[in-house]
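Student: I should like to work through this structure in a series of questions. Please reason through each answer before you give the result.

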Amino acid sequence: MLERKVDLQPARDNPFVQTMLLWMYAVLLMLTTKWVTQLDLDVGLVFFFILLLPFFVMLKWPNQPAVLYIGLMVMLIGKGMYALTTDPLFGPDARGYFRQVTFYPQLNDFLRYATEHITDNWLNSSAYPVFGLLYMPFYKFLDLADPLVIITFNSFLLVLCCNMTYRLNDRFFPYELSESGKRTYNAVLIIGLLASPALMYMSSVFGKDITCAFLGLLCTQLLLNRRYILFIIVLFYTTMLRDYSIVYILSFYFLFRRSFKAALLMLVAALGIVFWKVGLTGLLNSFMLTVFLFISPNPFKAFNWDTEFVMRTAEAVYMMISFGLSVTVFLRHKETRSFFAMCLVLLFTFGCTLVLVGFVTVTERNLEYGVGTIGDNMVRKKVPVVPILYMMNAYTLAWLFRPKAAHSKKGEACHPRKGQISSLQRISEPAYGAVLDCSEASAQERVARDRPAAGALGARNALLPSQTVDPEVRR
């Protein structure tokens with residue numbers, strides 16, 4: 001009997017097997033964290049980050065080990081510094097989220113309350129029970145009641161955010177980049193997101209901002225992959241958690257689909273709503289807030305250079321320099337203008353959205369709204385679009401430090417000193433035309449005429465294979 005040979009796909013290349021391995025290791029990670037943290041919280045946190053390393057390696061990354069090592073080490077050092085110096089209950093929202101951990105002794109008690117609240121209010125539900133659906137099972141499973149434990153939950157989501165941003169770019173990025181430029185782009189993007197002080201800080205406090213960023217990227221991935229049912233389910237939950245989440249989800253979708261007209265239409269609609277609700281003051285604040293996305297916290301205020309804010313303020317200075325370099329690349333290279341124009345349109349739209357959020361907050365508190373009024377903590381509310389900021393930074397550096405020998409849009413080689421070199425196709429075109437269209441006699445006449453200029457090698461290329469070659473030429 002003939003044996004049928006079956007080629008099995010390696011486990012590392014099988015998406016289903018890889019996903020199952022990731023889930024299994026994630027469960028093992030949680031179980032180990034539970035056992036160790038119940039003995040000692042500090043030792044448990046250290047164990048968590050040690051065990052996070054294999055999970056990080058199991059994810060799909062580019063073949064750039066040095067980039068991954070640098071990014072991960074910077075993130076771990078930064079997370080350690082924030083864990084030692086930052087109060088996870090940094091504001092009223094954080095204290096409200098944590099209060100649920102101690103108020104409800106059992107998970108069933110909280111789930112009963114959350115179900116009733118969401119059923120009665122739907123999209124108007126409070127973020128406390130909605131966000132609690134994610135972190136309360138985590139806390140009750142670990143059987144801990146320390147606010148610092150949230151750093152493990154948020155750090156896990158931070159790694160997933162960085163990985164999802166890379167994978168979306170790897171599969172769907174539609175803008176022009178050379179092979180070397182793509183490696184630079186991936187390196188700057190991955191290191192930037194892993195080492196971002198804003199992301200490290202917001203994943204070290206008891207807040208929903210990293211969760212919102214993760215869910216926004218997840219919705220984008222589901223929509224791009226046309227998994228519409230799952231997209232609607234996740235979008236429904238994301239909208240309850242942050243009601244304007246559809247804005248940054250569509251922003252990512254339009255960016256990867258290169259739908260500039262749709263993005264521009266969304267901006268026009270946002271500007272119209274801002275003008276209708278707030279007036280000219282709102283339009284001016286929208287422009288200022290878009291700039292503020294790059295330079296927040298404000299580096300021109302002295303107290304932002306205190307120990308608590310210095311890393312995030314330094315990031316704002318870096319983003320300000322990066323934006324200046326982006327303008328230079330935009331002016332020098334026409335190929336980059338579509339990408340930068342798209343990003344600015346999307347960030348301006350998000351700025352309009354934040355103005356509306358701030359205006360509602362100010363008016364509900366019966367305060368005066370004017371030019372420069374923000375109305376809320378926009379430093380943390382910009383977290384969902386931080387990936388776009390680092391995509392701009394990576395694209396800028398990829399074009400700024402590209403190799404000297406580049407390629408034009410038509411695929412023709414370029415050289416900085418000799419100018420444009422004709423493509424191989426254009427060089428070979430006359431020779432093949434002579435072979436196909438001319439008789440043997442006319443070909444010999446052309447060889448004789450062109451021999452002084454083209455040399456012996458050119459003459460031999462112009463002859464048919466069946467023709468006799470002059471011995472002088474052969475030598």
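**Questions on a predicted model**

Student: Is C219 buried or exposed?
Tutor: This is a predicted model, and the state of C219 follows from its relative accessible area. The cut-off for a buried residue is under 20%. C219 has a value of 0%, so the residue is buried.

Student: How many disulfides does the structure hold, and how far from C162 is the nearest cysteine sulfur?
Tutor: The structure holds zero disulfides. C162 is in no disulfide, and C162 counts as buried because its relative accessibility is 3%. A disulfide requires sulfur atoms within 2.5 Å. The nearest cysteine sulfur to C162 belongs to C161, at a distance of 6.8 Å.

Student: What is the average pLDDT of the protein, and which element has the lowest mean?
Tutor: The average pLDDT is 83, and 81% of the residues score at least 70. Among the elements, helix α12 (residues 245-257) has the highest mean, 97. The lowest mean, 38, belongs to helix α21 (residues 471-474).

Student: How many contacts does the model have for residues 1-8 beyond four places in sequence, and how many for residues 406-475 beyond near neighbours?
Tutor: Over residues 1-8 the pLDDT stays under 50, and the model has zero contacts for them beyond four places in sequence. Over residues 406-475 the pLDDT is also below 50. Beyond near neighbours in sequence, the number of contacts for residues 406-475 is 39.

Student: Which residues of the largest nonpolar core touch the most other members?
Tutor: In soluble globular proteins, nonpolar side chains tend to be buried together. The largest nonpolar core here has 130 residues. One of its most connected members, F206, touches residues including P88, L89, F90, Y97, Y135 and I150, not counting those up to four places away in sequence. The residues that touch the most other members are Y135, F206, L255 and F339.

Student: Why is the pair of Y135 and Y139 classed as edge-to-face?
Tutor: The search of the whole structure finds 35 aromatic pairs. In the pair of Y135 and Y139, the ring centres are 6.4 Å apart and the planes meet at 85°. The cut-off for this class is an angle over 60 degrees, so the pair of Y135 and Y139 is edge-to-face.

Student: Where do Y135 and Y139 lie?
Tutor: Y135 and Y139 are both buried. They are four residues apart, about one turn of the helix. An α-helix has 3.6 residues a turn, so residues three or four places apart point the same way. The element that holds both Y135 and Y139 is helix α6 (residues 127-142).

Student: What is the angle between the planes of F138 and F153?
Tutor: F138 lies in helix α6 and F153 in helix α7 (residues 150-172), 15 residues apart, and the pair links distant parts of the chain. Both residues are buried, and they belong to one aromatic cluster, whose members also include Y97, F131, Y135 and F206. The pair is tilted, with 5.4 Å from centre to centre and an angle of 50°.

Student: How far apart are the end C-alpha atoms of helix α14?
Tutor: Helix α14 (residues 280-294) has 15 residues, and at 1.5 Å a residue it should span 21 Å. Its buried residues include G282, N285, L289 and F292, and what covers the buried residues includes α13, α15, α16, α17 and α18. The end C-alpha atoms agree with the expected span, at 23 Å apart.

Student: Which residues does T396 contact, leaving aside its neighbours within four places in sequence?
Tutor: T396 is found in helix α18. Its relative accessible area is 0%, so T396 is buried. With those neighbours left aside, the contacts of T396 are S322, L325, S326, V329 and F340.

Student: Where does P297 lie, and which residue does a cis peptide bond join to P297?
Tutor: Most peptide bonds are trans. P297 lies in the loop between α14 and α15. The cis peptide bond, with omega of about 0°, joins P297 to S296.

Student: What is the phi of R258, and what is that of N366?
Tutor: R258 is in the loop between α12 and α13, and R258 is partly exposed, at 42% relative accessible area. N366 is in the loop between α16 and α17, and N366 is exposed, at 71%. Most residues other than glycine have a negative phi. Neither is a glycine, yet phi is positive in R258, near 55°, and in N366, about 55°.

Terms used. Residues are numbered from 1 along each chain as its sequence is written. This is a predicted model: local features need pLDDT of at least 70, side-chain atom pairs count only at pLDDT 80 or more; totals for chains, interfaces and linings use all residues. Side-chain values use heavy atoms; hydrogens and water are left out. Helices (H or I, at least four residues) and strands (E, at least two) are DSSP runs, numbered from the N terminus. The expected span of a helix is 1.5 Å times one less than its number of residues. Buried means under 20% relative accessible area, exposed over 50%, partly exposed in between (1.4 Å probe, protein chains only). Contact means heavy atoms within 4.5 Å. A nonpolar core is a set of buried Ala, Val, Leu, Ile, Met, Phe, Trp, Tyr and Cys residues joined through side-chain atoms within 4.5 Å. pLDDT is the predictor's confidence in each residue, from 0 to 100. Rings of Phe, Tyr and Trp (its six-membered ring) pair if their centres lie within 6.5 Å; planes under 30 degrees apart count as stacked, over 60 as edge-to-face and the rest as tilted.
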